[in-house]
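Here are some notes to read alongside the model, set out as numbered points. They begin with the surface of the chain, go on to its overall make-up, and then turn to a nonpolar patch.

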Amino acid sequence: MKKIILLSWLFTACSITVSFGQLEGRKFISASAGLNFSNDNQDDIPSSHNYGYDLNVNLGKFKTAGKASGWNISTSLKGEKNVQYRDGTSRSLEGITGFGVGIGYFWQYYKHFSDKFGIFGGPHVNVLYSYAKSLESQSTDILEHKNHQISPQFGLSAGAYYALNDRWWLTGSLGFIDLLYVSYTIDNGESLVYDGTNKNRTFNYKLSPNLALPSVSLGLRYFFKD
């Protein structure tokens, strides 16, 4: 409950428009990226390795000193090396095993506390597509799954910024709420031991808010020349 109250306060504070420098009309690009690596060593089977990245880019414009909006583009990639054994049969999965792309629109409302620091928050809508390939070990079989998913999303997010100079800001996320999550998934499962495939289609939705606070990530923002 305290987390919800805190995030609500952030959105309320950001809704107050103030005069700050010459932000009105300025265009910007923001980017944040993440890398991940993992390694699983086991005695009886070869090690498994996972790696990947995710990248988010915002292209926006300040409508006023306290309000900005624009487009969000995201992409992610996953790779791994994985070996599964079943009844003396081994199958491996190696290389790029998944990727995702997304596009959306955001609205941000700002509260400037000084000429260097402030917070912002607002709603966003996104449509995401992802593809993933994986191995599943069953009692007498090994299945290779190829999963396609489309998911529209609607939520709220909050962040903070620190102005390094007139062109560059350091930004960070503080938290987000997923208000609506919908997904349509097509899963193709192919037996690697026996002949046969199995296709499943599922539709999922969630209306209850999913709060992630804190959710910290860092990024940079660059303001284009007028």
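1. In this predicted model, the accessible surface of the chain comes to about 13200 Å², and carbon and sulfur atoms account for 57% of that area. Of the 226 residues of the chain, 34% count as buried.

2. As for secondary structure, the chain holds one helix and ten strands, and, when the elements are read along the sequence, they follow the pattern α-β-β-β-β-β-β-β-β-β-β, with the helix placed ahead of the strands.

3. The contacts in the chain deserve a separate remark. Where contacts between residues at least 6 apart in sequence are considered, 66% of them join residues that are at least 24 apart.

4. A nonpolar patch of about 780 Å² lies on the surface, and the residues that make it are Leu 35, Phe 37, Tyr 51, Tyr 53, Leu 77, Ile 96, Phe 99 and Val 101. Two or more residues of this patch come from each of the elements β1 (27–40), β2 (48–64) and β4 (89–112), and it is β4 that gives the most, with three residues.

5. Within the patch, one may look at Leu 35 in particular, a residue found in strand β1. Is Leu 35 buried or exposed? Its relative accessibility is 67%, and because the cut-off for an exposed residue is over 50%, Leu 35 counts as exposed.

Notes: Residues numbered from 1 in each chain as written. Predicted model: local features only at pLDDT ≥ 70, side-chain atom pairs only at ≥ 80, totals over all residues. Heavy atoms only, no water. Patch = residues over 30% accessible without salt bridge, like charges linked within 9 Å, V, L, I, M, F, W, Y side chains within 5 Å. Areas by Shrake-Rupley, 256 points an atom, 1.4 Å probe, with all protein chains shown as cover. Salt bridge = Lys/Arg side-chain N within 4 Å of Asp/Glu carboxyl O. Helix = DSSP H or I, 4+ residues; strand = E, 2+ residues; numbered from the N terminus. Buried < 20%, exposed > 50% of the residue type's maximum accessible area, 1.4 Å probe, protein only. Contact = heavy atoms within 4.5 Å.
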